[in-house]
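Visitor: I would like a close look at one helix and at the way it packs against its partners. Please go through it in detail, and add whatever lies around it.

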Amino acid sequence: MQFIRKNEVWVFLLLIPILNWAFVEWVAAGIESAGGEENYPMSIYRHGRFFLLGGALFVLVMITRGFGGITELLRPMLNWRVNILWYVFALGWAAFVCCLVLLGKGILNGNGLSEITISFAVMNSAWMWFTLLIWAFIGEIVWVSYAVRQLQKDMSIFNAAMIVGIFWSLWWFPIVFIGISIIPGLPLGALTLNMMAAAGMCAFVYAHTKSGICVWLLQFMLNSMLLVFPVSPTSGGIPTYWAYAIVYFILMLVLFYLFGPTKRKPVNQTVPHSIGNRTHQLQDS
């Protein structure tokens, strides 16, 4: 038990891809036994993978730290008093990246702005938006409020985010392999780059705001815009998705380079609060 307490975050990061792989294999066997998806309660799979992700974390933290650890996990979600520009940034960032990629695609193939289109064929119900909101909420708590913050105690927040992005990708791999309730045709390399970029952007926003709400909205919009703009493999083609992942990753690196923080942060170190204001004092997480 002492080993688990001392290495809690690493135990979780190593355990959760294995648990998810076992869960996905169990679902795949159930679908085969039932004779197809139409005969299987797919809500168990669609929501179960995320509830397993959050549930495994809560159980581990409860064992190692008790209710105090659970409270600490949720603390960033209570911080809503941040500059309103951060909310604008969180809500608009993913759409900006999509438009930038599609603009570049249009310039290269001669179609210009006509490549920038939107479709709500998938995001066609309030329930779908609500579902992605819940999934992003669980993801924020697990990957940022917990994993990034825990790893940040021993390394820079950038390095912590890159490690989290890799394990985040490993969590997605079995879901990609089964090919159910996920965008079809995701190349694993581009997915990994995309998740590292996503983790980096979540860490960037958290470092400047200490707000889980801003990170939650950022990730929710990322998931949604992939289904609204034609940048996924099914709507825009694999080259477009690769371009999206590369551009997203490069932009994340640029933001970290220009506005930091890139080094491990001691208590009360001055770091930028926003892109336009570089004098805000961040409290230690």
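**Helix H6 and its surroundings**

Guide: H6 and H7 are oblique to each other, where oblique is what remains after roughly parallel (under 35 degrees), roughly perpendicular (65 to 115) and roughly antiparallel (over 145). This is a predicted model, in which local features need pLDDT of at least 70 and side-chain atom pairs count only at pLDDT 80 or more, while totals for chains, interfaces and linings use all residues. Residues are numbered from 1 along each chain as its sequence is written, and side-chain values use heavy atoms, without hydrogens or water.

The helices are DSSP runs (H or I, at least four residues), numbered from the N terminus. H6 covers residues 126-151 and H7 covers residues 157-178; the angle between them is about 130°, and their axes are 8 Å apart. Each axis is a line fitted to C-alpha atoms over the stretch in contact, and the angle, from 0 to 180 degrees, is taken between N-to-C directions. From H6, the residues Trp-143, Ala-147, Val-148 and Leu-151 meet H7. On the H7 side the partners are Ile-157, Ala-160, Ala-161, Ile-163, Val-164, Phe-167, Trp-168 and Trp-171, contact meaning heavy atoms within 4.5 Å. This contact of H6 with H7 has 12 nonpolar residues, no polar and no charged ones.

H6 also packs against helix H9 (residues 212-228), again at an angle of about 130° and with the axes 8 Å apart. H6 is therefore oblique to H9 as well. The H6 residues here are Met-128, Trp-129, Leu-132, Leu-133, Ala-136, Phe-137, Glu-140 and Val-144. They meet Gly-212, Val-215, Trp-216, Gln-219, Phe-220, Asn-223, Ser-224, Met-225, Leu-227 and Val-228 of H9. By class, the contact of H6 with H9 comprises 13 nonpolar, four polar and one charged residues.

Ser-145 is another residue of H6. With a relative accessible area of 2%, Ser-145 is buried (under 20%). Neighbours within four places in sequence aside, its contacts are Leu-73, Pro-76 and Glu-140. Glu-140, listed above among the residues that meet H9, is thus also a contact of Ser-145.

Just before H9, Lys-210 sits in the loop that follows helix H8 (188-209) and leads to H9. Its phi is near 55°, a positive value in a residue other than glycine. Lys-210 counts as buried, at 13% relative accessibility. Within H8 itself is Ala-207, buried with a relative accessible area of 3%. Ala-207 and Pro-261 are 54 residues apart along the chain, yet their C-alpha atoms are separated by 7.3 Å.

One more residue connects to this region. Arg-49 belongs to helix H3 (residues 43-65) and is buried, with a relative accessible area of 0%. Not counting residues up to four places away in sequence, Arg-49 touches Asn-20, Phe-23, Ile-44, Trp-135, Trp-171, Trp-172, Ile-175, Ile-180 and Ser-181. Of these, Trp-171 is also one of the H7 residues that H6 meets. The C-alpha atoms of Arg-49 and Trp-21 are separated by 9.6 Å, with their places 28 residues apart along the chain.

Note on methods
Helices (H or I, at least four residues) and strands (E, at least two) are DSSP runs, numbered from the N terminus. Ala, Val, Leu, Ile, Met, Phe, Trp, Tyr, Cys and Pro count as nonpolar, Asp, Glu, Lys and Arg as charged, and the others, Gly among them, as polar. Buried means under 20% relative accessible area, exposed over 50%, partly exposed in between (1.4 Å probe, protein chains only).
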